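Hello,

Here is the structure I said I would pass on. Please look at it first, then read the notes below it.

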Amino acid sequence: MSGYLIPAVDGVAYGLLMFVAAAGLVFCFGVADILNLAHGTLYAIGAYTAARLADGGWATLVLALAVGIVAAAGAGGLLAGLLAPVGRRDHLTQALLTFGVALAGGSLLVAAFGPENLPVRIPAAVDRPVSLLGHPYAAYRLVFILVAAAIAGLLQLTVTRTRAGMLIRAAVDDAEMVAALGVSPTRIRVGVLTAAGALAGAAGVLGAPIIGPGPGTADVVLLLSLVVVVLGGLGSIGGTLVAALLVGEIQTLGVALLPGAAPFLLFAAMAVALAVRARGLRLPVPRRAT
Amino acid sequence: MTVSPRRRVLGASLLGVILVVAVAVPWLVDDYTTALLARTLVLGLVGVSVALLTGVAGLPTLGQTAPYAAGAYAGAVLAVHTQSVGVVQLLAGAVAGAALAAGTVPLVVYARGVVVLMITLAIGELVVTAAGRWRSVTGGTDGLAGFPAVRPLWGLPVLDSDRTRYLYTLAVVVVVVAVVLLLLRTRAGLLLTAARDDEARLRASGHPVTAYLSAAYLAAGAVAGVAGTLLVTAQQYVSPADFGFDTSALLLLGVVIGGAASIRGALAGAVLVIAARDWLTGQFPGSAPLLLGALFVLTAYLFPKGVGTLSAATAGLFRSAAGRRPAAAPSGPAPAYRSEAEG
Amino acid sequence: SGCAGDGGGTGSPGTIKIGLLASLSGTYQAVGTEIRDGFQLYLNNHDGKLGGHKIELIVADEGNGAPTAVPAATKLIKQDKVRALTGIVGGGSVAAVYPVLTEAKIPFVGSNGRPELKDVSRVWVTSYLSEEPGAAIAPHVRDTVKGPVYAIGPDYQGGYDELRGFTEAFAKAGGKLANPDGKTRWTPFPNTTNFTPYFAQIKASGAAAVYTFYAGSAAVDFVKQYAQSEIKDVPLYAAGFLTEGGVLNAQGEAARNIYSVLNYSPDLDNAANRSFVAAWKANHDGSPTTYAMASYDAAAVLDKAIGAAGADPTPEKINKAIEDLGQIDSPRGTWQFSKTTHSPVQKWYLRQVRQDGRALSNTVVGDLATIGG
Amino acid sequence: MLRISGLRAGYGGGTVLHDVSLTVPAGTVLAVVGRNGAGKTTLVHSVAGLLRPSAGVVEVCETVTTGQPAHRVARAGVGLVPQGRRVFSRLTVAEHLRLAAGSRPRGRVADAARWTVPRVLELLPRLSARLTHRGNQLSGGEQQMLAIARALLIQPRVLLLDEPSEGLAPDLAARVRELVAGLAAGGLTVLLVEQHLPHALQVADRLAVLDYGRVVLDAPAARVRADPTPVEALLSVATPDAATTPSPADRGDAPDRAVHH
Amino acid sequence: MTTDLLVARALTRRYGSLTAVDRVDLRVNAGERHALIGPNGAGKTTLLDLVGGATRPDGGRLHLAGRDITRLGPARRSRLGIGRIHQRPAVWPSLTALDNVIVAALPHRRVGPGRFHSRVRRPCLALLDEVGLTGGGTEAAAHLSHGQRRQLELAMALAGRPRLLLLDEPAAGLSAVEVHRLVDLLSSLPRTVAVLLVEHRLDLVYRLADRVTVLSDGRPVATGTPDEIRRSAAVRRAYAEAVG
Ligand SMILES: Nc1ncnc2c1ncn2[C@@H]1O[C@H](COP(=O)(O)OP(=O)(O)OP(=O)(O)O)[C@@H](O)[C@H]1O
Ligand SMILES: Nc1ncnc2c1ncn2[C@@H]1O[C@H](COP(=O)(O)OP(=O)(O)OP(=O)(O)O)[C@@H](O)[C@H]1O
Ligand SMILES: [Mg+2]
Ligand SMILES: [Mg+2]
């Protein structure tokens, strides 16, 4: 029994890490409905920053966090600039553009930082195992319990309570009518992508010790984030948190319980969960054209 | 459905020219290019099946690699063990692709938009994983090679050169695409377009929409299956890497670039993207991703029309997945759908 | 003879085209660049000549695997009309390129991947067969570890081969696996980024040591997580790639003390290696890896073979000459091609990650068996 | 005030509006009537900046707004109640109101004339019972009320109303007409699209008839009220070169049957 | 009893704590013109949704010509003869107007390919004419104005040759001529078609309807002939309350 304890706890920590990694995508895709396939690349910017700047001290970690956030936010803003001149703003066009940026940006990052996985040094205080109910457990992973809670709370508040949050949701429904209220939809989009970049950059810096910078980082982060965001029901932050925890447990506890099925677990669970939910929504005919 | 006769004549003659050039190509270029083109055509055919779902039926897919793989392995197994006749292999591929689609229909047809994208992605990944582990049939991740040469029909000579393999591929692709186009000119195309536009309205008019979507999904599966079998012939080798996520992503983007609620656009787009990737990899070793990425960004600007046609049509569906109303056309007000799904 | 232009393409008289295919983008870019640089280093050290002929090296990008490798190889063979092909990181890519090679009857002197193939008459590799590292270290593990050993590896062909080599030889040597069902535990590849659930299983199995094979970022994740897990004190044995090249740098402290088996280590004490390492360090940061070394050797093989193939080295003649090569003097020590598998019969070394000056590095701590073929 | 001169606009190459010139002085209501597809919505959208006209000038309170994006036009003081409501489906009624009330248009509004959320809710009490409903959970009429409330709360100086009474119950529609008249009396400039001629005449100071994208009549409402026949004729008789909407077969007895009740 | 086409018994639909349609009993006879009026938010559209199958009831039963259709989906109901236009016109924007009508007609007219032109296409063109959209219907529906879309949807509903036509505010947004045409069209419908009409233009309601049901807060407060309804104090109260 206790053999499953550590995986179960780890599932939580890993799930929260994924939520943090996905936060930027939760914001721009889930909430603001802008499909950003360069999300993983924004994360990688943060992660590379951490590899370059953090040297094992707290000060440099904070510095890395600041620089990573600014750099990724800048990249997010740039992305918004790239998206702006395109007439149609549907998901497939966004996918085309942002995927192109991700491809090109990925090679630029590799050109700048080399094709190797880079080491990331964190303060010794957290870079060690701590005893968790008698089992040694990587202390740094527990950090994500706090970070995820902070990000989830912040996002939820922003989206539901602030004027900016209302504007973002309104722009998803009808950008023209938002404009008719005197707010420029372009500015909303730039704001969203910049904020999403900042979130991704922060996640990249903090997540670097676990999902470290390397040529494959962007893809891994993007894929897991997409899974989490879509499974979370697109837009609900609570739902995304639950989805992240679910994916975390599937990847740890599920693997521990059904090791033989491990390669199939995540995607099988995802396909079935999404299909069941879609069917559940569809049968009583969800949409009504009044 | 209404095209002026003059445009029709123009279109037909353009098509004729393209066909003539396509047939003449292997005599104009070297073997490398011929082999490349054959492979590219195959992927173009998968692109057609992607467009059939994404553009026409409004089910954006990242999972057509699944029936594609099924068709490929069906063809490969036949080729290795018993059958070297092309049509038999193609038929087997079509059946295998459709069968795989049939097995996954309930997962796909109730979902919409991005959710479909993720479900099909999962299906594709599961099939690739399974293919990598089912070594006795698929040869595992190292793949299968060394197939006896194919003969298109009983009594015809075997295809043992790049040129003949290309021509065979071309012939099959042309036939399949023609069949798809003809089918879409019937009411089927009309119904799928309507389903994509507003399926609740289609239901309210008495149409069994789910059945239509299932049929489209099966048909697309069969087309991808045929393409899979062709891949075995054109490439002489299959491995799970042929059906990976990169392939699905490139095909989807190719279809987007092609601007393809139109099948022909999708074929062109997919062919373009794959050819660009292969060509760039060959010409600029190491910089291909950078250039390809830049190419994607550029096409979005240079061909807003191509990208736009499909986007306009699918935008609505993408949104309806989350119970949102379709994007408002710049002019007219669009309906504000209510949704219980959100409640 | 009258067929000078036959396989020669359009190069200037006497120039020979050689194709090198390696991952210059994507996941395996690090390995791919090492392979390219190793070959280039040999060329640079030999005036750009192999066997007395000026060489035009045409490099193509293998990308992430078969789908990109095939068109790139097809270009090298059918358009550039190279006389021999070298490189290729992935076993899957080799398998995919193989039909094109066979059709064109071009010899292939690979420097890394090597899948199972039916007919290897034109296929040579200077690296090793995937089973060999495990087979080489198994008797040693059997002798030093007091208790059962847990075998774990990635769920793809390379993983199967690597781990099979170990488990079969280990069983033959009388060893016992700690895995509950006696079978290797496979982890999904490349999707596994979190290994902690497996560590819990290893803990539960009561293993006295672990044997594994990972490469690239999975190797980084595995080692870093291992070092903070509840089995951090269980000795870890691995095929050398776990701590080879750049991954060791990324693993840092976490890799300390890991044992690995490989056919090469930069600190090997022989003349060929000293000059190879020196030349390498003149152009690159850090030490050469086994990938670079194998590619360097591939160039050496071609050098000798082209030299032996006469004034007009056709692909056919080059292939024949490789067959007759005999001993090759290499940074890893001398080795020769096996007559049956066309891969090296070579010596294997036991290495441990230890402090070397300021950095950690793989230090040879003993010789293992000479096997191969 | 609102001045439109020589306006030409259309979609994707096709021209819908031809040389439309209209002036609405501050404190008055211009009612625009015209058959389906005549171009009324196109006109409203061109003024609001949702559609870029290909020629002509739109002037709002002495500022030229032609070609400006919609949010600039809105900030210049133009409020819009669009045809088809277009409320935000994921925002609750309360959020709609807060969002609109929080926008900062240029120019000052006297406090007495200021629209506040309580004042709007007093005008449209039905909405206060639906504050927590999202836009897509409202009935058609409720959505219409919300669209009106939203436009009022940005404190417009020029109000564009595209069939604001569509879907409203009769007494509520009457109340909206009172509101419009009251707003104009308070100095607002109102452009009202209204299909139902008697209703349009109730509140309008001037009446314009749009037909096939041209202003075919622009007259003081009082004159039309005195003799509606020419307008009624215009509204039912189609021009012969009709492309999409030719004349009905039964035009003879149309007007009075259709408009009286 | 045999003339009952549609019978709703205790039909109920709740949205959270709000009961939009509250135990409504409703009978529509074959060929009857039955109007449904009431203040905004009374539940009229919800009731039409329940009849058309777009939403499922939380309680009550629904019979069409004696057959229990409570559990059937909208497609089945349509094929049983329920046609509908929506409060917000719902058309297929990327199809031409004519194709919209053809698609709406298809499930109701099974014809071989050879007869398609005469059996489907031509009647559909005629329908477009009848509702006032001419020019061959070659315009994409996306390019139609609001009112034109409403006309188009009416043609689509008629193309299904329904036994029961559900009309949700068909006159809203129509100009004077079009309203007139609509009235003519509806009065000229054969008596094999029953109509359940939701409309705020009471002049039209009184002209067209055989019977009127008044809904308020989800409850039917009165049913009767137009004359009875016009005089009813309850009706006036229901409307007055809505205005507050
Ligand atoms: N998005 C569009 N693309 C192309 N043509 C359009 C578009 N929207 C409207 N039209 C055309 O422009 C003309 C005017 O449309 P508009 O919506 O302005 O009419 P309207 O007077 O508001 O009609 P209604 O009373 O029905 O609302 C119509 O003929 C219509 O077909
Ligand atoms: N999806 C929903 N979720 C919550 N409440 C809803 C939903 N749909 C409708 N309602 C509520 O149910 C009530 C009845 O709505 P319905 O659309 O049936 O009214 P209606 O009689 O058609 O009004 P109108 O004349 O304004 O169109 C309204 O108060 C509305 O707010
Ligand atoms: Mg209009
Ligand atoms: Mg209603």
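**Where the two domains of chain E meet**

In this predicted model, 16 residues of domain 1 of chain E are in contact with 13 residues of domain 2 of chain E. To find these parts in the sequence, use the domain assignment: domain 1 of chain E is made of two stretches, 4-81 and 162-243, and domain 2 of chain E covers 92-160. The C-alpha centres of the two domains of chain E are 25 Å apart.

Together, domain 1 of chain E and domain 2 of chain E bury about 1100 Å² between them. Carbon and sulfur atoms account for 68% of that area. On the side of domain 1 of chain E, the residues that lose the most area to domain 2 of chain E are Pro162(E), Arg181(E) and Leu185(E). These three make up 39% of what that side buries.

As for polar links, there are 0 salt bridges between domain 1 of chain E and domain 2 of chain E. The rule does find 3 residue pairs in polar contact across this interface, with both residues at pLDDT 80 or more.

Which elements of domain 1 of chain E give two or more residues to the side that touches domain 2 of chain E? They are helix H2 (74-79), strand E7 (164-168) and helix H6 (176-188) of chain E. H6(E) gives the most, with 4 residues. Sorted by class, this side of domain 1 of chain E has 9 nonpolar, 2 polar and 5 charged residues.

Regards

Key
Residues are numbered from 1 along each chain as its sequence is written. Chains are lettered from A and ligands numbered from 1 in the order in which they are written. This is a predicted model: local features need pLDDT of at least 70, side-chain atom pairs count only at pLDDT 80 or more; totals for chains, interfaces and linings use all residues. Side-chain values use heavy atoms; hydrogens and water are left out. Domain bounds come from an automatic or database domain assignment. Contact means heavy atoms within 4.5 Å. Buried area is the accessible area (1.4 Å probe) that two parts lose on being put together, summed over both. A salt bridge is a side-chain nitrogen of Lys or Arg within 4 Å of a carboxyl oxygen of Asp or Glu. A polar contact is a pair of N or O atoms within 3.5 Å; within protein, one must be able to donate a hydrogen and the other to accept it, and residues adjacent in sequence count only if both atoms are side-chain atoms. Ala, Val, Leu, Ile, Met, Phe, Trp, Tyr, Cys and Pro count as nonpolar, Asp, Glu, Lys and Arg as charged, and the others, Gly among them, as polar.
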